[in-house]
Amino acid sequence: MRGFSKKFLEEIIKNIKGGGYEYEFRILLLALERKRKIHSLPITTLYIEKNRSSHFSPFKDSFKIIGVFVHHLLKRLV
């Protein structure tokens, strides 16, 4: 789990739209861009039925995350 300040949470709400697995990547890019700190918080993870209910699609979701990364790189070049 990741922890960040209330101020940064307000920035996230204001600047990042959407959802899905690429949402977290957008948060990480925003933190990097704004030089914000993000802390990792240890949590206990419980997998029910060996995590069969995961909705992660390796191809589709990886493609979306790569798309966010490429968009970010192109935006920085312009």
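Where does Thr-44 lie? In this predicted model, Thr-44 is found in the loop between strand 2 (39-40) and helix 3. With a relative accessible area of 69%, Thr-44 is exposed, because a residue counts as exposed when that value is over 50%. Thr-44 can also be set against a residue of helix 1, since Thr-44 and Lys-6 are 38 residues apart in sequence and 24 Å apart in space, C-alpha to C-alpha.

From Lys-6 we can turn to the helix that carries it. Helix 1 covers residues 6-15, and within it Phe-8, Glu-11 and Ile-12 are buried. These three cover an arc of only 100 degrees around the axis, which puts them on the same side of helix 1. A general property of helices helps to make sense of such a pattern: an α-helix has 3.6 residues a turn, so residues three or four places apart point the same way. On the face of helix 1 turned away from the buried side, the reader will find the exposed residues Lys-6, Lys-7, Ile-13 and Lys-14. Leu-9, also in helix 1, counts as partly exposed at 39% relative accessibility.

What covers the buried residues of helix 1? The cover includes helix 2 (22-34). Two packed helices are described by the angle between their axes and the distance between the axes. For helix 1 and helix 2, the axes come within 11 Å and cross at roughly 120 degrees, and that makes helix 1 oblique to helix 2. The crossing in which helix 1 passes helix 2 is right-handed. On the side of helix 1, the contact is made by Phe-8, Glu-11, Ile-12 and Asn-15, while helix 2 contributes Tyr-23, Ile-27, Leu-30, Ala-31 and Arg-34. Sorted by class, this contact of helix 1 with helix 2 has 6 nonpolar, 1 polar and 2 charged residues. A distance between the two helices can also be given for Leu-9 and Ile-27, which are 18 residues apart in sequence and 9.5 Å apart in space, C-alpha to C-alpha.

Helix 2 also packs with helix 3 (residues 58-77), at an angle of about 25 degrees and with their axes 9 Å apart. Helix 2 and helix 3 are therefore roughly parallel to each other, because angles under 35 degrees count as roughly parallel. The crossing of these two helices is right-handed. In helix 2, the residues Glu-22, Phe-25, Arg-26, Leu-29 and Glu-33 meet Lys-64, Ile-65, Val-68, Phe-69, His-72 and Lys-75 in helix 3. By class, the contact of helix 2 with helix 3 has 5 nonpolar, 1 polar and 5 charged residues.

Is His-72, which belongs to helix 3, buried or exposed? His-72 is buried, with a relative accessible area of 12%, because buried means a value under 20%. Leaving aside residues up to four places away in sequence, His-72 touches Leu-29 and Glu-33, and both of these are among the residues of helix 2 that meet helix 3.

The last stop is Lys-35, in the loop between helix 2 and strand 2. Most residues other than glycine have a negative phi. Lys-35, however, has a positive phi of about 55 degrees although it is not a glycine. Lys-35 is exposed, with a relative accessible area of 74%.

Methods:
Residues are numbered from 1 along each chain as its sequence is written. This is a predicted model: local features need pLDDT of at least 70, side-chain atom pairs count only at pLDDT 80 or more; totals for chains, interfaces and linings use all residues. Side-chain values use heavy atoms; hydrogens and water are left out. Buried means under 20% relative accessible area, exposed over 50%, partly exposed in between (1.4 Å probe, protein chains only). Helices (H or I, at least four residues) and strands (E, at least two) are DSSP runs, numbered from the N terminus. The arc is that of the directions from the helix axis to the C-beta atoms. Contact means heavy atoms within 4.5 Å. Axes are lines fitted to C-alpha atoms, for helices over the stretch in contact, and angles run from 0 to 180 degrees between N-to-C directions. Angles under 35 degrees count as roughly parallel, over 145 as roughly antiparallel, 65 to 115 as roughly perpendicular and the rest as oblique. A crossing is left-handed if the near helix is turned anticlockwise from the far one by less than a right angle, and right-handed if clockwise. Ala, Val, Leu, Ile, Met, Phe, Trp, Tyr, Cys and Pro count as nonpolar, Asp, Glu, Lys and Arg as charged, and the others, Gly among them, as polar.
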